[in-house]
Each structure stands twice: as structure tokens, then as C-alpha cells.
Amino acid sequence: MTGEKTKRQLISSGSDFESKIGFSRAVIDGQYIFVSGTTGYNYETMSISDDLLEQAEQCFQNIEKVLKKAGCGLDQIVRVHYIFPKREDFEPCWPIFKKYLGETRPAATMLVADLMNEKMKLEVEVTARINDVTE
């Protein structure tokens, strides 16, 4: 693969956390896009729902937006990590995960860990592969 896609590119959401902590919303490196852990925070309303399923939906809407900026889509996700503070919240989210990734079926891992803010009920991290039509 040659051209712009092979250069390392940083994608920002404009969040203050990126500059304060030192990370990017996503990094394009070669044929892969690495999307940082994404929560259900709604950047348009600058709020986060108290509802688990609304947060799960918002996670994937946020991920979809950053993948689009990178010239990619949800159907190009090859790896997903689900992170939950409470393991019992994982199964109720399955229908939403299937809605967004059911056809793609990436490799997946679920982890239980504390998140940065108690309002956050899940965090989703993905890796996508850029499809090159010349391959």
C-alpha cells in the first residue's frame, strides 16, 4: 500500500482530555485504525445518559463518526474490546453490539475494570482495517 494511508495520522475529537493526557481519539497507522476507548458521552449535548443501553448506542455512534473521519466504517472493524465496571451490564448490551457488529463479527474481548467516571457504564475500543481496493 502506498500514498497517504501509509503515513501515521492522528485523529482528534477536539476533547480537552486528548491534550491533557496525551492521546488521540484514533490513530491511522498503515492499514489499521486504532480507536481509543470510547464511552457513551454525547459530544453534541455534552452529557452522558444514566441509561446503560443509551450509552452503548452512543458509544457506537461516536466510534462510527471517528471511523468515518478516517475513511472507514463499522464493517471494517477487526477487533473490539468491551470494558465494563459491572460484569452484569455486559449481556444486556448484546443486542446493541449485534446491531452494530453482527455482520462484521470482529474478534472480541470483554474486560471488567473501573472507568474514569462513575457515570460511565461501558467503554469500547476498536481496531479497524482500511480496505484498499488495489489489493
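Student: Is Met46 buried or exposed, and what is its relative accessible area?

Tutor: This model is predicted, and every value here is computed from it. Met46 is exposed, because its relative accessible area of 54% falls above the cut-off of over 50%.

Student: Where does Met46 lie?

Tutor: Met46 sits in the loop that joins β4 (41-42) to β5 (47-48).

Student: What is Phi of Met46 near?

Tutor: The sign is the point to read, together with the residue type. Phi of Met46 is near 55°, which is positive, and the residue is other than glycine.

Student: What is the value of phi for Arg105, and where is the place of this residue?

Tutor: Arg105 also has a positive phi in a residue other than glycine, with a value near 50°. Its place is the loop between α3 (94-101) and β7 (107-112). Arg105 is exposed, with a relative accessible area of 70%.

Student: Let us turn to the surface. Which residues form a nonpolar patch there?

Tutor: A patch is read as a group of side chains, not as a single residue; nonpolar side chains are joined within 5 Å. Here the members are Phe17, Ile21 and Met116, and together they have about 340 Å² of accessible area.

Student: Where in the fold is Ile21, and is Ile21 buried or exposed?

Tutor: Ile21 belongs to helix α1, which covers residues 16-22. Ile21 is exposed, at a relative accessible area of 54%.

Student: Now the rings. How many aromatic pairs does the count come to?

Tutor: Pairing is decided by the distance between ring centres, within 6.5 Å. The count comes to 10 aromatic pairs. One of them is formed by Tyr41 and Tyr43, with 5.1 Å from centre to centre and 65° between the planes. That pair is edge-to-face, because planes over 60 degrees apart are given that name.

Student: How exposed are Tyr41 and Tyr43?

Tutor: Both tyrosines are partly exposed: Tyr41 has a relative accessible area of 23%, and Tyr43 has 36%.

Student: How are the rings of Phe90 and Phe97 placed?

Tutor: Their centres are 6.2 Å apart and their planes stand at 40°, so this pair is tilted.

Student: Are Phe90 and Phe97 buried or exposed?

Tutor: Phe90 is buried, and Phe97 is buried as well. For each, that puts the relative accessible area under 20%.

Student: Which residues do ring pairs link into a cluster?

Tutor: A cluster is read by following one ring pair to another. Phe90 and Phe97 are among its members, along with Phe60, Tyr82, Phe84, Trp94 and Tyr100.

How values were computed: Residues are numbered from 1 along each chain as its sequence is written. This is a predicted model: local features need pLDDT of at least 70, side-chain atom pairs count only at pLDDT 80 or more; totals for chains, interfaces and linings use all residues. Side-chain values use heavy atoms; hydrogens and water are left out. Patches are made of residues with over 30% relative accessible area and no salt bridge: like charges are joined within 9 Å, nonpolar side chains (Val, Leu, Ile, Met, Phe, Trp, Tyr) within 5 Å. Accessible areas come from the Shrake-Rupley method with a 1.4 Å probe; for residues, only the protein chains shown count as cover. A salt bridge is a side-chain nitrogen of Lys or Arg within 4 Å of a carboxyl oxygen of Asp or Glu. Helices (H or I, at least four residues) and strands (E, at least two) are DSSP runs, numbered from the N terminus. Buried means under 20% relative accessible area, exposed over 50%, partly exposed in between (1.4 Å probe, protein chains only). Rings of Phe, Tyr and Trp (its six-membered ring) pair if their centres lie within 6.5 Å; planes under 30 degrees apart count as stacked, over 60 as edge-to-face and the rest as tilted.
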